[in-house]
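Here's a quick walk through some strand pairings and a couple of residues worth a look. Have the viewer open as you read.

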Amino acid sequence: MQGRSRKNGRIDSQMQVTVNDTQSAGNLSSQIVVHTNDRSQKQFPISVNGYCKPLVETQSVVDVGQLEPGGTITKRLVLKAGEDFVITSATSNSDRIKVKVDDQRKKLHVLELTVTPDGEGKLDDQLSIVTDMQELPIQVQVVGEVLPTIRTNSQDPASKPSGDK
């Protein structure tokens, strides 16, 4: 504790709280119990509330938009941190997504995601990125839509002209 001052029977001080590295990003609400040498109040609780920023920041969703059947699109995903880090792996739950990862230690990484759809309809896949800074993988959702194949008259055997009049 630092900055102690006494006023009207009270002691005001500042306390620095450090969160352990297993705390996940997001809201934090906890309690610290302070033990004192005061005979009338040997201990008292202090509420601690705050927000834990992720060590590595990136967007949570990559929208690839609408894709033509058989087409391919490449999107960039930026990961940044306050200190240098390495991406140890980046894997998807789908064969439709390929990711290029370099093994360099730096504060800013730009991953190239190549998406090649294998059918039509909604695209909703997960990308899991592991770094040397965080215990839990970073989860990124990859969404989009693969448009239906449009058949022309020349492709559809039922629509060939019969030549009869």
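What follows covers the strand pairings, then an open sheet, then two residues in turn.

Keep in mind that this is a predicted model. Let's start with the strand pairs, put side by side here.

| Strand pair | Bridges | Direction |
|---|---|---|
| E7 (residues 73–85) and E10 (residues 106–115) | 9 bridges | antiparallel |
| E9 (residues 97–100) and E10 | 4 bridges | antiparallel |
| E11 (residues 121–131) and E12 (residues 138–146) | 9 bridges | antiparallel |

**Around E10**

Strand E10 turns up twice in that table: it is bridged to E7 and also to E9. To find the register against E7, look for Leu 77, whose bridge partner in E10 is Leu 111. For E9, the pair to pick out is Lys 100, which sits opposite Glu 112 of E10. Going from E9 into E10, the chain makes a hairpin, and 5 residues link the two strands.

**The open sheet**

Next up is an open sheet of 4 strands, ordered E6-E12-E11-E8, with mixed pairing. E6 (61–67) and E8 (87–92) are its edge strands, each pairing on one side only. From one strand to the next, the twist averages 20 degrees. E11 and E12, neighbours in that order, are the antiparallel pair joined by 9 bridges.

**Ser 128**

Ser 128 belongs to strand E11, and its bridge partner in E12 is Gln 139. Their side chains meet too, through a polar contact of 3.2 Å. Is Ser 128 buried or exposed? Its relative accessibility is 17%, so Ser 128 counts as buried, the cut-off being under 20%. Setting aside neighbours within four places in sequence, Ser 128 is in contact with Ser 89, Ala 90 and Thr 91, as well as Pro 137, Ile 138 and Gln 139.

**Pro 117**

Now hop over to the loop between E10 and E11, where you'll find Pro 117. Because its relative accessible area is 9%, Pro 117 is buried as well. Which residues does Pro 117 touch, leaving aside its neighbours within four places in sequence? The contacts are Leu 67, Glu 68, Gly 71, Arg 96 and Val 146. Of these, Leu 67 falls in the range of edge strand E6 (61–67), while Val 146 falls in the range of E12 (residues 138–146). For a distance check, take Ile 73: Pro 117 is 44 residues from Ile 73 in sequence, but their C-alpha atoms are 9.2 Å apart in space.

Definitions and conventions. Residues are numbered from 1 along each chain as its sequence is written. This is a predicted model: local features need pLDDT of at least 70, side-chain atom pairs count only at pLDDT 80 or more; totals for chains, interfaces and linings use all residues. Side-chain values use heavy atoms; hydrogens and water are left out. Two strands pair if DSSP finds at least two bridges between them. Axes are lines fitted to C-alpha atoms, for helices over the stretch in contact, and angles run from 0 to 180 degrees between N-to-C directions. Buried means under 20% relative accessible area, exposed over 50%, partly exposed in between (1.4 Å probe, protein chains only). Contact means heavy atoms within 4.5 Å. A polar contact is a pair of N or O atoms within 3.5 Å; within protein, one must be able to donate a hydrogen and the other to accept it, and residues adjacent in sequence count only if both atoms are side-chain atoms.
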